[in-house]
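Let's take a walk through this model, one stop at a time. Have the viewer open and follow along.

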Amino acid sequence: MNKTDKLFFELIRVAIGNAVCLSSIPSAREWGELFAMAKKQALVGVCFAGLQQLGADADEGFARIGMSEMLYLTWMGMTAKIQQKNQTVDEQCVALQKRLSADGLRSCILKGQGVASLYSEHLRGLRQSGDIDIYVDCGMEKALAYAREKFGDVEYDYINAHVHCYEDTEVELHWRAQALTNVFANRRLQRWLKSSKVHSSILGGRVTLANGEELVVPSAEFNAFYILLHCYHHMFESGLGLRQLMDYYFVLVAYAKHELPQISREYDANALFEKFGMKKFASGIMWIMKEVFGLPDEMMLCEASEKEGRFLLEEVMQNGNFGNRDERKIKVKSKLAQPFVTRIQHNWHLATHYPSEFFWAPVWLVYHYIWKRTRKQ
């Protein structure tokens with residue numbers, strides 16, 4: 001971990017309220033590097049809140065912390081756009097849920113704006129929003145038929161369809177919450193998701209947005225496992241960034257505050273991590289939760305592993321948000337070969353730590369290719 005990384009993690013902790021200052025005042029060059037890291041990790045808005053906590057919102061406060069006026073104004077401008085986008089996506093989520101409800105479909109918002117509502121109040125509008133993932137409680141055939149009826153021909157895969165609802169926001173209509181590349185583990189996962197207690201908890205939460213509207217979201221106990229599963233999926237599919245891990249930090253904080261009479265068998269964290277082959281990954285993520293975000297030990301769902309955490313954190317810093325800034329990726333012109341080449345070369349860096357995922361990734365791609373072309377359209 002170099003000095004810039006250390007300062008970046010300190011700035012994150014200042015932003016979320018787990019630190020009050022940086023260990024040293026960055027130089028103008030270092031502030032430029034910190035801004036570049038914030039962009040790479042999709043944390044521009046949250047890190048700007050850190051600047052404000054350091055006093056940069058006062059008259060020429062940026063100068064007192066060693067930052068140039070141009071960089072401060074650029075950072076502030078990008079943050080304002082993030083806030084505006086969040087307001088738009090909040091409204092779109094509410095409108096979409098109301099539309100589905102009017103058409104007789106129960107739904108919930110997965111991740112995204114639902115998780116953003118768990119952020120500290122001063123950060124909720126500063127989380128960099130992405131697409132809208134919405135789960136519909138009706139199964140694949142009915143969901144796909146509905147998507148085609150309402151939105152025309154749609155692209156789809158094993159877990160969702162990409163529907164054109166809004167010009168400026170991508171929408172994924174889910175009939176499965178998630179999948180695993182190991183076909184045997186995935187079979188266990190789909191059975192678990194369909195079990196009565198788990199299934200009811202997918203639509204078991206409610207959150208109030210900044211505009212006063214409500215969203216249906218998964219319950220706190222479901223998200224405590226599900227968001228980590230989402231992180232696990234992205235680690236091996238395209239790349240995992242700090243934005244997704246910050247989501248998980250606030251999920252764990254919310255879960256710790258959520259009063260449960262006892263942890264049910266369906267939600268025993270260690271049992272679930274073992275069941276779906278995620279224990280090693282989970283232990284590394286718990287270390288990152290403490291090292292980067294300052295999560296207290298009592299909020300961790302399993303024992304932390306520093307060795308695995310350091311390895312994962314190095315990958316996270318290399319990948320950036322969804323792996324979009326990973327310079328190791330090789331671009332392939334062939335649309336047919338591109339998913340295979342990209343996945344294999346991405347997972348190559350993880351092969352010694354997660355050999356099972358390295359093996360199953362190409363198998364899953366072949367399985368999915370055959371599944372889609374042999375099922376009834």
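Thr208 has a relative accessibility of 46%, and since anything between 20% and 50% falls in the middle class, this residue counts as partly exposed. Keep in mind as you look around that the model is predicted. Thr208 belongs to strand β6, which covers residues 205-208.

What does Thr208 touch, once its neighbours within four places in sequence are set aside? The contacts are Glu213 and Glu214. There's also a link to a remote part of the chain: Ser117 is 91 residues away from Thr208 in sequence, yet 7.3 Å separates their C-alpha atoms.

Now move over to strand β2, residues 132-136. Here 5 of the 5 residues are buried, so the rest of the structure largely encloses this strand. In a regular strand, side chains alternate between the two faces of the sheet. With that in mind, check each face of β2: Ile132, Ile134 and Val136 are buried on one side, and Asp133 and Tyr135 are buried on the other. Both faces, then, are covered.

Which strands pair with β2? One is β1, residues 107-110, joined to β2 by 4 bridges and running antiparallel to it. Another is β5, residues 171-174, where 4 bridges again make the connection, but the two strands run parallel.

Tyr135 is a handy place to see both pairings. Looking towards β1, you'll find Cys108 opposite Tyr135. Looking towards β5, the residue opposite Tyr135 is His174. And Tyr135 itself, as you saw above, is one of the buried residues of β2.

Conventions: Residues numbered from 1 in each chain as written. Predicted model: local features only at pLDDT ≥ 70, side-chain atom pairs only at ≥ 80, totals over all residues. Heavy atoms only, no water. Buried < 20%, exposed > 50% of the residue type's maximum accessible area, 1.4 Å probe, protein only. Pairing = 2+ DSSP bridges. Contact = heavy atoms within 4.5 Å.
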